[in-house]
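Biologist: I have just opened this entry and would like to learn how to read it. Could you take me through it feature by feature?

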Amino acid sequence: MTASSSQQTPNEAATQLDELAAEVARLTKQVNDLQEVQTERVRAGDGDDQPPLYSTVEEWVTMYLLPTFPRPVGEVGMARWHWCERWWRHDEAVTRLTALWYGWEQARLQMTGMLPWLRELDHQLPILCGDDGPFRNCAASDDLGIARHHPSPEVPAAPAPENWWNWWD
């Protein structure tokens with residue numbers, strides 16, 4: 001404080017305190033208004049009108065996922081990672097990778113969106129590339145450039161009895 005401000009009269013100090021309180025109230029309202037606008041944008045889905053960065057799941061897998069998160073294929077310590085160069089022929093892989101792509105496109109638009117997306121990726125990669133994943137019978141190109149693709153066998157399913165699915169009606 002300066003010497004002149006320490007010599008304020010009680011009325012001047014009260015006036016200055018009132019002005020500061022009014023400024024705090026104004027700034028508080030401004031912060032609340034901005035938070036409300038942000039909340040409304042999230043509810044309205046702002047950013048949804050932004051086109052995806054990658055136009056297809058194939059483009060996303062080849063241009064982003066594989067270069068950004070490379071994994072050694074084959075024996076890695078105690079685990080074996082599988083990949084199929086024809087990943088697009090495996091319905092399960094397409095479904096999982098499409099979900100990851102859609103999630104990534106949304107996550108990139110949010111300030112901290114990548115954090116939960118990375119947890120999802122960490123969950124999905126071992127399923128996709130693991131010993132029981134859709135690529136379990138396939139092999140990436142070896143030194144001779146030979147790749148192996150074997151589609152996963154279809155699992156049989158018996159039809160449900162008549163009216164089976166009507167239990168909730």
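**Reading the model step by step**

Modeller: Let us begin with one residue: Asn163 is exposed, because its relative accessible area is 53% and the cut-off for exposed is over 50%. Asn163 lies in the segment after α5. Please keep in mind that this is a predicted model.

Biologist: What is the phi of Asn163?

Modeller: The phi of Asn163 is positive, about 70°, although Asn163 is not a glycine.

Biologist: Which residues form a nonpolar patch on the surface?

Modeller: The patch is made of Trp164, Trp165, Trp167 and Trp168, which together have about 630 Å² of accessible area. Take Trp165 as an example: it sits in the segment after α5, a helix that covers residues 114-129. With 53% relative accessibility, Trp165 counts as exposed.

Biologist: Now the whole chain, please. How many helices and strands are there?

Modeller: The chain has five helices and two strands. Starting at the N terminus, the order of the elements is α-α-α-β-β-α-α.

Biologist: How much of the chain counts as buried, and how much area does the chain expose?

Modeller: Residues count as buried when their relative accessible area is under 20%. Here that applies to 22% of the 169 residues. The exposed area of the chain is about 12900 Å², with carbon and sulfur atoms supplying 57% of it.

Biologist: And how do I read contacts along the sequence?

Modeller: Look at how many positions separate the partners. Among the contacts in this chain with a separation of 6 or more, 62% are between residues 24 or more positions apart.

Biologist: Let us pick one helix. How many residues does α4 have, and how far does it reach?

Modeller: Helix α4 has 17 residues, and its first and last C-alpha atoms are 24 Å apart, close to the 24 Å expected at 1.5 Å a residue.

Biologist: Which residues of α4 are buried, and what do they pack against?

Modeller: The buried residues of α4 are Ala93, Leu97, Thr98, Leu100, Trp101, Trp104, Glu105 and Ala107. Their packing partners are α3 and α5.

Biologist: Can you show me one of those residues in detail?

Modeller: Thr98 is a good choice. It belongs to α4, which spans residues 91-107. Its relative accessibility is 15%, so Thr98 counts as buried. A polar atom of the Thr98 side chain lies 2.6 Å from the backbone oxygen of Val94.

Biologist: How far is Thr98 from Val61?

Modeller: Their C-alpha atoms are separated by 9.1 Å, while the two residues are 37 residues apart along the chain. Val61 is part of helix α3, residues 57-68. At 0% relative accessibility, Val61 counts as buried.

Biologist: Which residues is Val61 in contact with, leaving aside its neighbours within four places in sequence?

Modeller: Those partners are Leu66, Pro67, Trp83, Trp87 and Leu97. Leu97 is also one of the buried residues of α4.

Biologist: What about the α5 side? Is Gln124 buried or exposed?

Modeller: Gln124, which lies in helix α5, counts as buried because its relative accessibility is 11%. Not counting residues up to four places away in sequence, Gln124 touches Arg96 and Leu100.

Biologist: Finally, charged pairs. How many salt bridges does the structure hold?

Modeller: There are three salt bridges. One joins Glu23 and Arg26, with the closest N and O atoms 2.7 Å apart. Both residues lie in helix α2, residues 10-44, and are three residues apart, about one turn of the helix. Glu23 is partly exposed at 35% relative accessible area, and Arg26 is partly exposed at 45%.

Biologist: And where does Arg96 come in?

Modeller: Arg96 forms a salt bridge with Glu92, where the closest N and O atoms are 2.9 Å apart. Because they are four residues apart in helix α4, Arg96 and Glu92 are separated by about one helical turn. Arg96 counts as partly exposed at 23% relative accessibility, and Glu92 is partly exposed too, at 34%.

Biologist: Which residue forms a salt bridge with Arg108?

Modeller: That partner is Glu105, with 2.7 Å between the closest N and O atoms. Arg108 is partly exposed, with a relative accessible area of 27%, whereas Glu105 counts as buried at 7% relative accessibility.

Note on methods
Residues numbered from 1 in each chain as written. Predicted model: local features only at pLDDT ≥ 70, side-chain atom pairs only at ≥ 80, totals over all residues. Heavy atoms only, no water. Patch = residues over 30% accessible without salt bridge, like charges linked within 9 Å, V, L, I, M, F, W, Y side chains within 5 Å. Areas by Shrake-Rupley, 256 points an atom, 1.4 Å probe, with all protein chains shown as cover. Salt bridge = Lys/Arg side-chain N within 4 Å of Asp/Glu carboxyl O. Buried < 20%, exposed > 50% of the residue type's maximum accessible area, 1.4 Å probe, protein only. Polar contact = N/O pair within 3.5 Å; in protein donor to acceptor, adjacent residues only side chain to side chain. Contact = heavy atoms within 4.5 Å. Expected span 1.5 Å × (residues − 1).
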